[in-house]
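Colleague: Please take a close look at the nonpolar interior of this model. Then carry on to the strand pairing.

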Amino acid sequence: MEATSIQPLPTQRNRRGMMFRRRYLAVASTILFLCAVITPTTAGSAASTSLLMDTYVQADRATTNFGTSVRLSTEGRAYIWRNSLLRFSVQVPPGEHVVSAKLRAYSEASATSTEFVDVFTTSGGWTERGVTWNTSPARGTWLGKAGGFTSGSWVEWDVTKGVNAKGGEHNFKLESNAQKWIGFKAKESSNPALRPRLVVMTAPDTVRSTEAAVIYGWGPRVAGDEFDYTGAPDATKWNVYNSAGHAGNGIRSPQQVTVDGSKMVIKGTPDGMTAGMGARFANQKYGRWEVRAAGSGDDEYHMVSILWPDSENWPCDGEIDYAETTGDWSVIKFFHHYGCSNLQTSAYKPLDVTQFHNYALDWSPHGIVGYVDGVKWFEDTDPAHQPPGPMHQTLQLDWFPDSTANGAGEMRVDWVRVYAAG
């Protein structure tokens, strides 16, 4: 573990209080196998799965919600189109990963060999009792199709390519080319045995994990973002800043941050146009956070992963920068700010930050512990240094212009994961 120190905050770092506040699973996919009609069994499944929501939407009733329906509907006839949505939670045991995932639904209609129901990934910005055709999320990656099944049978799609190796929440969309109604039992079905299910098989990791959450058994995720979609960051999860930059330097613009299907990317321009965003999830006192991130470019850009006080009362309510660069992409630093005098404990570690690493924070009543790739490198157990209230995650690429020539910078984040306090 790297040594830590306690010192007054230098002028360059006395910054967050005087600035404007920090604030589709595009899996590389190949064509999957056609489904088979099967009799379901969960024997041998090592992952815990649960159906959180399901419903359908209908084009000719574009503002109607069908969240209470006992069946899911698909239909390909123009102007009547019906598509179904499902959301599952998958909890993978520590030290294991997903090797197989099968979506199963019980049919209430038959399909010929030329009539299909296709399954796609989709985004999570919908609710069972709120979504309509007009607000339904778009299809994402195509995962497979099912055809040639009979009414009263189980239908299966192989959706392995649409499920994260470490689980989490997953959203699927069913669409059909059939010029007729094809329905399936929903989670509102009176027979629990006939409700949709996601059967997930896991296997032990063959390579030692570098995630603190896996190594130390932090359990299932309670919040976060896998950045498994495309476009702007999910507005239900993130507040993207639109303001002056850090300490008034440059601009934080939403146009500088995008999600490319596998990661979030913030791009900083040579003239200081960059971005940052604060999480709307896991606003809590105590817990465990982990991010997988990398950065590169001009040293004037600083990559930073922060816990920021919900109160916005800085510096009195603290700040935990558990992964930060300060002008050198070969060193990672940890800064824990505490007290109204803005004192800090800190640590640094030589590291090639241009490559992806896992940065983790365990905050409990016993203290604050930092990890890089599962190895502890920071610890502060002084009760007087504890933040007094709830905090939330922020991700920022901050601009520190100096006398050198200005260049571009970039911050890349594979995922953000939050776990319950230990």
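**Core and strands**

Modeller: This is a predicted model. Its largest nonpolar core has 42 residues. Phe227 and Tyr359 have the most contacts inside that core. Take Phe227 and leave aside residues up to four places away in sequence. Phe227 then touches Trp238, Val259 and Met277. It also touches a run of residues: Gly261, Ser262, Lys263 and Met264. Further along the sequence, its partners are Leu395, Val413, Asp414, Trp415 and Val416. Another core lies apart from this one, with 29 residues. Among them are Ala111, Phe172, Phe184 and Val200.

Now the strands. Start with E6, residues 96-106. Strand E6 runs antiparallel to strand E12, residues 197-204, and eight bridges join the two. E6 also runs antiparallel to strand E9, residues 154-158. Five bridges join that pair. Lys102 ties the picture together: it stands opposite Val199 in E12 and opposite Asp158 in E9. In a regular strand, side chains alternate between the two faces of the sheet.

A further sheet is open and has three strands, in the order E16-E17-E20. Its pairing is mixed. The edge strands are E16 (243-244) and E20 (273-274), and each pairs on one side only. Strand E17 covers residues 251-252. E16 and E17 run antiparallel, joined by two bridges. Within that pair, Ala244 stands opposite Ile251 of E17.

Terms used:
Residues numbered from 1 in each chain as written. Predicted model: local features only at pLDDT ≥ 70, side-chain atom pairs only at ≥ 80, totals over all residues. Heavy atoms only, no water. Core = buried A, V, L, I, M, F, W, Y, C linked by side-chain atoms within 4.5 Å. Buried < 20%, exposed > 50% of the residue type's maximum accessible area, 1.4 Å probe, protein only. Contact = heavy atoms within 4.5 Å. Pairing = 2+ DSSP bridges. Helix = DSSP H or I, 4+ residues; strand = E, 2+ residues; numbered from the N terminus.
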